[in-house]
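Here are a few short exercises to work through with the model open in your viewer. Try each task before reading its solution.

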Amino acid sequence: MIAKYIRDKILQGDWFIGMKIPSHRNLAEQFDVNRVTIIKSIELLESEGFILTKKGSGTYVKDYLNTHATMNNWAHTMEWSIKERSEYTVQLINKLETDPNYLHISKGELGKSLIPETKLQQAMVTVSSYISDLSFGYNNGYGYLNLRKLIAKRLQETGIDLNYENILITSGSLHAIQLLTTGFLSQNTTILFNTPSYIESTHVFDSFNIKKVRIPYTNLYNFKNIIANYSIKTEKALYIEPTYNNPTGESISIKTRKEIMRYSQIHNIPIIEDDIYRDLYFTSNSVPPIKSLDKTGNVIHISSFSKSVAPALRIGWIAAPEMLIERLADIRMQSDYGSSILSQMVIYELLKNDNFDEHVKQLRHILKDKRDYMLDVLNQHFSHIATWKIPNGGFFIWITFEKNIDIKQLFFDLINKEKILINPGYIYGSKDNTVRLSFAYETLENIYHALIKIKHYATLNANK
Ligand SMILES: Cc1ncc(COP(=O)(O)O)c(C=O)c1O
C-alpha cells in the first residue's frame, strides 16, 4: 500500500525527480505503521529505480528517465521557477483542509452556517440579470467600477482619505500581496514584517532576491529603535498585520500605529497594511487603520471579503496612491485581465444595501460566542498544560503549550489517530511551543470534541 502510494505520487508527477520525499518518520506517522514497514517499501521502490537514498541526507525521487522513458524531468524544469514549494506541513494542511472527514480546528475560514447563504443567493439572482449588460465582457485591470466606488466609500468611513481611483480589485489579499511583490517591490528589496505572521506560511516574498527581516509582533511598539538599528542599504518595505494578527489574534495600539507611520515616513519605508480581519471585532470597534493616519501616500492598504463573506468568491482590494494603482492595473492586463467580474458583481450586490452590514454585525456576535466557548473549554481543561491570550477579534486563539510537549508529534498524532487538524505555530515562524486554534469553522460540539482529544494527546506526549 505504501509503495503504491509513493509510486503513484511519482508517476502522477506530484513528487518530481530530485524532490526529497517525506522522512521515514513522517511516512510511518501518516500510515500509522512502524518504521520497518516503511523501510521495506523504500527498498522495493529503490529496486524498481524510482527513488534513491542518500546516506545522512534523505530519500529522493530518482532521475529514472532511463527506466521509465515517458516521464518529463520536471525537477530540472522547476529549478528555474521563481516560487519555492511550501514546507511539508503546509502542503499537508492545504491538502487535508478540504477533506470533510477531518475536524478543522485549523481552518482560517467561516463555517458553513456563518456564510450568508440566503443573502448571497439573492445577490447571485440579481447578478444573473446583468448577463445582457456590456460590462460582462473583458474588463479593465482596475476592477468593476461600481464595486470600487462602494469599497472607497466604506474605507472613507474608517477615516481613510481616498476615492475609487485609489482602489484596485484583486482576487483576494494573498493575490494583492503577490501583485505588489511583482509590481511594486524592486529586486533585492528588504521586506520587514511582523512575526509570527500569516506571510511565513506562504512563499509570497521568496522571489526576486527579496531579503526578509522579521520584527517580533510584541516589539512593534519599538519600531523607531528597531529601524534606527538597521542600516539597510537596499530598498525597504514593511508588511504588517496590525489588526487581529494571524496567528496570534493580537493587535497593535493606536500609539504604535502612529509611531510606525511616522518612522516609516522618515526612513522612506512604504507600508503594506494587511487588514483582512478588521470587521471582525468583539468588543469596541477595531483600532483605526494605519492608512487612516497616512497623509503622504506611504501606506498601501489591502483586504478582502474572504473572512467576512466567503473565500470562494476570491475578491479583495488594494487601496493605494493612483500612480501605483495604474501600474498594478497595467500588470493585471499583462497577466490575467483582472478578477472574475461575476464575483465582483455578487459582492457589489451584497454591499449595495444593508445586507453586508447586517450579516457582519450578526457574524461578530456569533464569533464572539464561539470564542467564549473555546475559552471556557480551554480554562476547564488546558490550564495545566498551556497558556493563551484572549483575542478581541478575528478567528484564532494562539496557545503556548508546556515545553515538554512535542508540537510536531501532537500535530501528526491528531491527524493519524483522530482525523483532527490543528495548525502548529512553527508554520507561522514561531519558535515557541505554539498552536493556532480556530473557533471560526467548526460547530461548538466539534470544537469540544477536538479540544478534549488535543488535551489527551498533548498529555500523553508530555508524559513520554
Ligand atoms: C493575514 C492574512 N492575509 C491574507 C490572507 C489571504 O486571504 P485571501 O483569501 O483574501 O487571499 C489571509 C488568509 O488566511 C490572512 O490571514
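For the classes used below, Ala, Val, Leu, Ile, Met, Phe, Trp, Tyr, Cys and Pro count as nonpolar, Asp, Glu, Lys and Arg as charged, and the others, Gly among them, as polar. Keep in mind that this is a predicted model.

**Exercise 1. The shell**

Task: Find which residues are closest to the ligand, and sort the shell around the ligand by class.

Solution:
- Step 1: Start with the place: the ligand sits in the largest pocket.
- Step 2: Count the neighbours: 13 residues surround the ligand, and the closest are Ser173, Asn246, Asp274, Ser304 and Ser306.
- Step 3: Sort the shell by class, which gives 4 nonpolar, 5 polar and 4 charged residues.

**Exercise 2. Polar contacts and cover**

Task: Look for N or O atoms within 3.5 Å of each other, taking the side chains of Tyr277, Ser304 and Ser306 in turn.

Solution:
- Step 1: Tyr277 has a polar side-chain atom 2.8 Å from an oxygen atom of the ligand.
- Step 2: For Ser304, the distance from a polar side-chain atom to a ligand oxygen atom is 2.7 Å.
- Step 3: In the side chain of Ser306, an N or O atom is 2.6 Å from an oxygen atom of the ligand.
- Step 4: Now the cover: on its own the ligand has 400 Å² of accessible area, and the protein covers 91% of it.

**Exercise 3. An aromatic pair**

Task: Classify the pair of Tyr5 and Trp15, and say which parts the pair ties together.

Solution:
- Step 1: The whole structure holds 14 aromatic pairs.
- Step 2: In the pair of Tyr5 and Trp15, the centres are 5.8 Å apart and the planes make 90°, so the pair is edge-to-face.
- Step 3: Tyr5 belongs to helix 1 (residues 2–11) and Trp15 to the loop between helix 1 and helix 2 (24–31), so the pair ties together parts that are 10 residues apart in sequence.

Note on methods
Residues are numbered from 1 along each chain as its sequence is written. This is a predicted model: local features need pLDDT of at least 70, side-chain atom pairs count only at pLDDT 80 or more; totals for chains, interfaces and linings use all residues. Side-chain values use heavy atoms; hydrogens and water are left out. A residue is near a molecule or strand if one of its heavy atoms lies within 4 Å of it. A polar contact is a pair of N or O atoms within 3.5 Å; within protein, one must be able to donate a hydrogen and the other to accept it, and residues adjacent in sequence count only if both atoms are side-chain atoms. Accessible areas come from the Shrake-Rupley method with a 1.4 Å probe; for residues, only the protein chains shown count as cover. On a 1 Å grid over the protein atoms alone, a cavity is a set of points where a 1.4 Å probe fits but cannot get out, and a pocket is an open set with protein on both sides within 12 Å along at least five of seven lines; lining residues have an atom within 4 Å of a point. A molecule sits in a cavity or pocket if more than half of its atoms lie within 2 Å of its grid points. Rings of Phe, Tyr and Trp (its six-membered ring) pair if their centres lie within 6.5 Å; planes under 30 degrees apart count as stacked, over 60 as edge-to-face and the rest as tilted. Helices (H or I, at least four residues) and strands (E, at least two) are DSSP runs, numbered from the N terminus.
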